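Please find below my notes on the model. They begin with the sheet and end with backbone details in the loops.

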Amino acid sequence: MHRRAFLRHTSAAALAAMAAGAPFSSVLTGCTRKGGQSNGTADTVILLWMAGGMAHTETFDPKRYTPFEKGMEGNRVLSTFRSVPTALDGIHFSEGLERIGKVMDKGTLIRSYVAADLGHILHSRHQYHWHTGYEPPQTVAAPHLGAWIAKELGPKNPAIPAFIDIGQRFTVGEAEELKAFHTAGFLGSEFGPFFIPDPSQGLESVRPPVGMDARRFERRNQLYNELISSGPMGEFGSDYQKESLRRSMEQAYILLNSPEAKAFDLSTEPKESYAIYNTGRFGLGCLLARRLTEQGARFISVTTEYEPFFGWDTHENGHTRLVDMKKMIDGPVAQLVKDLDKSGHLDRTLIILASEFSRDMMVEGRPDAKVQEQVSQPDILSDMKFYGMHRHFTDGCSILMFGGGVKKGFVYGKTADERPCKTIENPVRIDGIHQTIYHALGIPPDTQYEVEKRPFYTTPDGKGKAVTELLA
């Protein structure tokens with residue numbers, strides 16, 4: 001499936017609930033589960049999203065270091081960085097991630113995440129799959145993981161949006177594809193993400209525009225309600241949809257007038273703390289996530305941001321690019337863990353660091369399911385720009401978890417030490433990751449809604465099983 005077809009199908013799914021003759025009330029009929037909500041070990045989730053494909057052998061699962069030599073064989077290269085020790089005996093990370101390595105006694109390292117076989121690899125399709133748990137395209141708009149959590153648990157603090165997304169702009173490449181999964185889908189607008197594209201301007205996100213006084217804001221709110229009633233939503237939407245849109249506006253109004261809005265103002269952070277996090281928009285996003293967690297946020301996503309051929313999307317200059325990427329994440333991620341641990345919030349906050357898939361010098365896809373080559377990688381490396389993990393690799397990815405009931409100082413799964421560096425022990429797939437998160441939050445595995453006269457579960461067909469070995 002190519003990008004255009006993917007967009008066409010996901011857009012159709014997003015509009016399905018608005019179709020004439022298919023009122024939303026007949027599409028979403030309510031939540032069904034056999035058991036009630038159980039006591040979880042976490043109240044809040046922070047997803048640190050390494051958008052673009054983070055190579056496991058260059059980060060949290062290093063292999064034999066192979067320095068660059070002009071004229072070397074590409075197949076010789078397993079890792080382009082030396083490995084460095086962590087807080088766990090015998091466990092090493094790739095050079096440049098020393099600070100995160102020092103807090104691994106507080107968390108779990110998964111070295112055996114296996115991404116799905118989705119055919120011709122597109123970042124947006126795999127990101128859609130990771131964030132929703134469903135393979136695109138779907139006949140309905142699948143909710144984001146954060147939307148499920150917002151719907152089932154509601155806001156922890158009524159003044160703070162239950163689902164907050166930090167750092168992703170929709171003015172860069174593949175904007176429409178990214179929008180396809182940054183949504184609450186059929187659950188309703190009020191459970192969708194509250195977007196903060198630039199954390200350094202977080203306070204502006206919760207303030208009325210310049211010149212907007214309270215009276216003018218009220219008039220706009222009235223106009224907004226009129227538009228809901230007189231527009232396509234009023235004609236084709238259900239009462240559920242209309243009320244969901246109105247509640248989303250009411251939630252924004254509550255935030256505008258709450259003292260908790262000060263948490264969005266990073267200028268009040270002590271200079272020493274701010275300096276540690278200030279590695280760019282991602283680092284400041286981690287700082288904002290910490291402040292919002294302390295104010296009662298429910299689900300926060302902080303992304304390095306996906307933009308084709310930038311960040312972790314290393315189609316060339318893989319090694320040199322990762323030097324900068326590690327500087328961006330190492331200090332802020334480690335400090336986030338330490339700060340939440342010191343304040344006592346880490347015990348009930350589940351932090352997850354993940355990416356859509358990994359990378360390899362030679363293999364596109366996985367060894368037993370190779371897909372169409374997308375990167376020109378010469379067999380002989382004549383230029384430094386080819387030194388790095390450029391191809392998309394789905395058979396061995398790393399995920400970090402901290403707090404929220406996961407084991408401390410624990411490593412799960414294993415990949416081969418020689419190419420192909422694929423998963424050889426305890427493979428974990430996305431339905432297992434999602435169900436582990438839901439389990440930690442106390443959301444039952446059989447949670448479902450009837451959509452288009454069929455049950456729609458938190459994981460496909462409700463078959464996802466929590467990886468209980470990860471939990472303390």
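Which residue in S16 does Ile 352 stand opposite? The partner is Met 401. The points below start from this pair and refer to a predicted model.

1. Pairing of S10 and S16. Strand S10 covers residues 349-354, strand S16 covers residues 397-402, and the two pair in the antiparallel sense. Their pairing runs over 3 bridges. Ile 352 and Met 401 of S16 are the residues that face each other here.

2. The sheet as a whole. S10 and S16 are neighbours in an open sheet of 8 strands with the order S8-S7-S9-S2-S10-S16-S6-S17. Pairing across this sheet is mixed. At its edges are strand S8 (194-196) and strand S17 (410-412), each of which pairs on one side only. From one strand to the next, the twist averages 15°.

3. A helix across the sheet. Helix H12, residues 281-294, lies across five strands: S2 (44-49), S7 (163-166), S8, S9 and S10. Relative to S9, helix H12 runs at about 170°. A figure that shows this helix should label S10 as well, since S10 is both crossed by H12 and paired with S16.

4. Cis peptide bonds. The bond from Pro 136 to Pro 137 is cis, with omega near 0°. Pro 137 belongs to the loop between helix H4 (123-132) and helix H5 (145-153). Another cis peptide bond joins Arg 419 and Pro 420, where omega is about 0°. Pro 420 sits in a loop too, between strand S18 (414-415) and strand S19 (423-425).

5. Positive phi at Phe 309. This residue is not a glycine, yet its phi is positive, near 70°. Phe 309 is placed in the loop between strand S9 (299-303) and helix H13 (318-343). Is its side of the loop buried or exposed? Phe 309 counts as exposed because its relative accessibility is 54%, and the cut-off for exposed is over 50%.

6. Positive phi at Lys 453. Here phi is near 65°, again a positive value in a residue other than glycine. Lys 453 is found in the loop between strand S20 (448-451) and strand S21 (454-457). With 74% relative accessibility, Lys 453 therefore counts as exposed.

Technical notes
Residues numbered from 1 in each chain as written. Predicted model: local features only at pLDDT ≥ 70, side-chain atom pairs only at ≥ 80, totals over all residues. Heavy atoms only, no water. Helix = DSSP H or I, 4+ residues; strand = E, 2+ residues; numbered from the N terminus. Buried < 20%, exposed > 50% of the residue type's maximum accessible area, 1.4 Å probe, protein only. Pairing = 2+ DSSP bridges. Axes fitted to C-alpha atoms, helices over the stretch in contact; angles between N-to-C directions. Contact = heavy atoms within 4.5 Å.
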